[in-house]
Amino acid sequence: MGSFEYDKYKFSMKSPANLALDDIIEKREEEIERLKEDLLNYKILIKDLIHEETSYILRNKILNIAYFIIEEVELFDYLNSTKKFPINRLLKRTPIDKEFYQEWKEHIITYVVILSNPNYKYLQEYIQIEEAINILGSEEIMQVKRDEEHRGIILSKGINSAIILTSKGEFIKVKAGKDNKVGEDYIGKESFKLKKYKLQISIFLTIIVAVLIIGLVQYKLIDKTIVIETTSAITLEVNKFDKIIDAYTQTEKGNKMLEVLNINNSEIDTSIKEILNYAIDNEMIPDEGFLITITGKPLKYNALEKTEKFIEEKELKVKLNNSGDEHKVSP
């Protein structure tokens, strides 16, 4: 029974042989179709293997776990016969935590399936693996910087994209044309993925939500109260945008008016005009005329332009008390 080693194997930085022969592509395609069927036994799809920023060091760690399973008969037989990932057995045999295995089990299983099966000769030849040394080379250290273009075998094809397996064990979604084939050695740019920008999107959405909440709070804040004395007193709670947040009254006739007019979230100028017009049509004009009283922040000049024009046309008697500034609106 062997012990686990983190650095026994590593993905090589060497480029794979450029085998673009049709018969090689066809044989790779056959292997890829077989691989998809084998992975389904473990409930793994090729698209499940696309993962953000699988660094070189991380992939080497996954690779060494895969080889540890292959080389340990008990672990390999358990995985192969039950099609279940031997997480509890690995926890006892390796110094790696459960969360890591849970996150990367699909990649570990896929590496095991490809590297242990002689039926995957052409995929094995493409993936560049060598025994590791203790000191990383400069090329490996530079793996922190990801290339703009990626080279790999096409495992799966979409309309404008493909999933490739690189010689360094990466599963990457790249842009591809309709003429590209499964099994082809292909070079392409990584396709756009929302996941890649999830932090920026999260921050942006947080800002948007915060702005909306602040806006909603501001919208709901009462800036002024307007009471319109018809034969029923109609009270309007108004925000800083001169929109009616709430309207209420103590009388049955007043409630009927508000039900008909439905003025919540309407602008005050139009709404006051409609209230006066309703009062005229329904005999709700006080003997002494209408009184409009504003408390809180006073109305701006010309805020009731439509209302004043309506008062003039109808020759109504109206007094306006604009937060202490009282004057007649009627002609």
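**Exercise 1. Work out which parts of the chain the salt bridge between E267 and K306 links, and how covered each partner is.**

Solution. Start with the contact: in this predicted model, the closest N and O atoms of E267 and K306 are 3.2 Å apart. That fits the cut-off, since a salt bridge needs a Lys or Arg side-chain nitrogen within 4 Å of a carboxyl oxygen of Asp or Glu. Next, place the partners: E267 sits in the loop between α9 (252–261) and α10 (268–281), while K306 belongs to helix α11 (residues 305–314), so the pair links distant parts of the chain, 39 residues apart. Finally, check the cover: E267 is partly exposed at 33%, and K306 is partly exposed too, at 42%.

**Exercise 2. Decide whether R59 and E170 are buried or exposed, and find what their salt bridge ties together.**

Solution. First, the distance: the closest N and O atoms of R59 and E170 are 3.6 Å apart. R59 lies in helix α2 (residues 56–71) and E170 in the loop between β4 (161–165) and β5 (171–175), so their pairing ties together parts 111 residues apart in sequence. Now the cover: buried means under 20% relative accessible area. R59 has 2%, so it's buried, and E170, with 7%, is buried as well.

**Exercise 3. Classify the two partners of the K47–D48 salt bridge by accessibility.**

Solution. Here the closest N and O atoms are 3.9 Å apart. K47 has 55% relative accessibility, so it counts as exposed. D48, at 32%, counts as partly exposed.

Terms used
Residues numbered from 1 in each chain as written. Predicted model: local features only at pLDDT ≥ 70, side-chain atom pairs only at ≥ 80, totals over all residues. Heavy atoms only, no water. Buried < 20%, exposed > 50% of the residue type's maximum accessible area, 1.4 Å probe, protein only. Helix = DSSP H or I, 4+ residues; strand = E, 2+ residues; numbered from the N terminus.
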